[in-house]
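I opened the notebook to go through this structure one region at a time, writing down what I looked up as I went. The entries follow the order in which I turned to each part.

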Amino acid sequence: MRTAWLTRPILWMLVAAGLVSALAAGCGNSAYSSATSTASGAAASGSTTGASTTVKLTAKDIEYDTNRITVPAGQKITVDFTSFDSVQHTFAIYNQKGDPNSLFVAPFLTGPNKSETFAFTAPAKPGNYYFQCDVHPAQMNGTLVVT
Ligand SMILES: [Cu+2]
C-alpha cells in the first residue's frame with residue numbers, strides 16, 4: 001500500500017520529466033542549430049562581408065585576447081590589430097608550432113594604444129594552423145582554424 005502510493009507519483013514525475021526534457025531537447029536543438037548556422041561564423045571569425053572577413057585581435061599584458069581564430073579557407077582576412085603594450089608585437093602564421101618557415105608575418109606593432117590593419121589570405125586547405133607573436137611565441141599563440 002505504501003509502495004503503491006509512492007510509485008505512482010514517481011512514475012508520473014518520470015513521465016512528466018521525460019516530456020519536459022523531450023520538449024527542451026526539441027527546443028534546444030532548433031535554437032542551437034539556428035544559432036550556429038547563422039551566427040557561428042560571425043561569432044568566431046568576426047564580421048564577414050562578401051568575400052572578405054575581418055578579425056579583431058588585441059594584445060594586452062603580452063597576451064592575445066584569443067587563442068583561437070576561425071577563418072574561411074582561401075579568403076582574404078583583414079585583421080584589426082590593437083596593442084595596449086609598450087613592447088613590440090606581431091602576428092605570424094605557421095603550418096604548425098615550431099615550423100621554421102612562416103606562412104605570413106604581420107608588420108610589427110609597438111604600442112601602447114596603437115592599432116594597425118593588415119590582411120592575409122587564409123590557407124586554401126582547411127585544417128588547424130598555428131599563430132603566434134614572433135617576439136613572444138611562448139606567451140602569445142593559438143590555433144588558426146581554417147574551415
Ligand atoms: Cu608579442
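**Entry 1: a loop with a proline.** I began at Pro112, which I found in the loop between strand S8 (109-110) and strand S9 (114-121). I checked the peptide bond leading into this residue, and from Gly111 to Pro112 the bond is cis, with omega near 0°.

**Entry 2: what kind of model this is.** I noted that I am working with a predicted model, so I looked up the confidence before going further. The mean pLDDT of the protein is 79, and 66% of its residues reach 70 or more. Over residues 5-44 the pLDDT stays under 50, and for this stretch the model has four contacts beyond four places in sequence. I reminded myself that predicted coordinates should not be read in detail where pLDDT is low.

**Entry 3: the overall make-up.** I listed the secondary structure and found one helix and 11 strands in the protein. Read along the sequence, the pattern is α-β-β-β-β-β-β-β-β-β-β-β. Of the 147 residues in the protein, 19% are buried. I also looked at how contacts are spread along the chain: among those between residues at least 6 apart in sequence, 63% join residues at least 24 apart.

**Entry 4: strand S2 and its partner.** I followed the side chains along strand S2 (residues 52-59) and saw them alternate, with Thr53, Val55, Leu57 and Ala59 pointing to one face and buried, while Ser52, Thr54, Lys56 and Thr58 point to the other face and are not buried. I stopped at Val55, a residue of strand S2, which counts as buried because it has 20 C-beta neighbours inside 10 Å. S2 pairs with strand S4 (residues 76-83) in the parallel sense over eight bridges, and Lys56 stands opposite Asp80 in S4.

**Entry 5: Lys76 in S4.** I then turned to Lys76, which is found in strand S4 and is partly exposed, with 15 other C-beta atoms within 10 Å. Leaving aside neighbours within four places in sequence, I found Lys76 in contact with Ala51, Ser52, Ala119 and Thr121. For the pair Lys76 and Ala51 I noted a C-alpha to C-alpha distance of 7.1 Å, with their positions 25 residues apart in sequence.

**Entry 6: the loop between S2 and S3.** Which residue in this loop is exposed, with 7 other C-beta atoms within 10 Å? I found that this is Asp61, which lies in the loop between S2 and S3 and has a positive phi of about 55° although it is not a glycine. I looked at Ile62 as well, which lies in the loop between S2 and S3 and has a positive phi of about 55°, again without being a glycine. Ile62 is partly exposed, with 14 other C-beta atoms within 10 Å.

**Entry 7: strand S3.** Along strand S3 (residues 68-71) I again saw alternating side chains, with Ile69 and Val71 on one face and buried, and Arg68 and Thr70 on the other face and not buried. The C-alpha atoms of Ile69 and Val55 are separated by 8.1 Å, and the two residues are 14 apart along the chain. S3 pairs with strand S11 (residues 141-146) in the parallel sense over four bridges, and the bridge partner of Ile69 in S11 is Leu144.

**Entry 8: the five-stranded sheet.** In what order do the five strands of the open sheet stand? I read the order as S3-S11-S10-S6-S7, with mixed pairing. S3 and strand S7 (102-105) stand at the edges with a single partner strand each, so one side of each is left without a neighbour in the sheet. Neighbouring strands of this sheet are turned by 25° against each other on average, direction ignored. Within the sheet I checked S6 and S10, which run antiparallel and are joined by three bridges, and I found Gln132 in S10 as the bridge partner of Ala92.

**Entry 9: the nonpolar core.** I finished with the largest nonpolar core, which has 21 residues, and of these Val71, Phe91, Ile93, Tyr129, Phe131 and Leu144 touch the most other members. At least two residues of this core come from each of S2, S3, S4, strand S6 (92-94), strand S10 (127-132) and S11.

Technical notes:
Residues are numbered from 1 along each chain as its sequence is written. This is a predicted model: local features need pLDDT of at least 70, side-chain atom pairs count only at pLDDT 80 or more; totals for chains, interfaces and linings use all residues. A residue is buried if 20 or more other C-beta atoms lie within 10 Å of its own, exposed if 12 or fewer, and partly exposed in between; C-beta atoms are placed from the backbone. Two strands pair if DSSP finds at least two bridges between them. Two residues are in contact if their C-beta atoms, placed from the backbone, lie within 7 Å. A nonpolar core is a set of buried Ala, Val, Leu, Ile, Met, Phe, Trp, Tyr and Cys residues joined through C-beta atoms within 7 Å. Axes are lines fitted to C-alpha atoms, for helices over the stretch in contact, and angles run from 0 to 180 degrees between N-to-C directions. pLDDT is the predictor's confidence in each residue, from 0 to 100.
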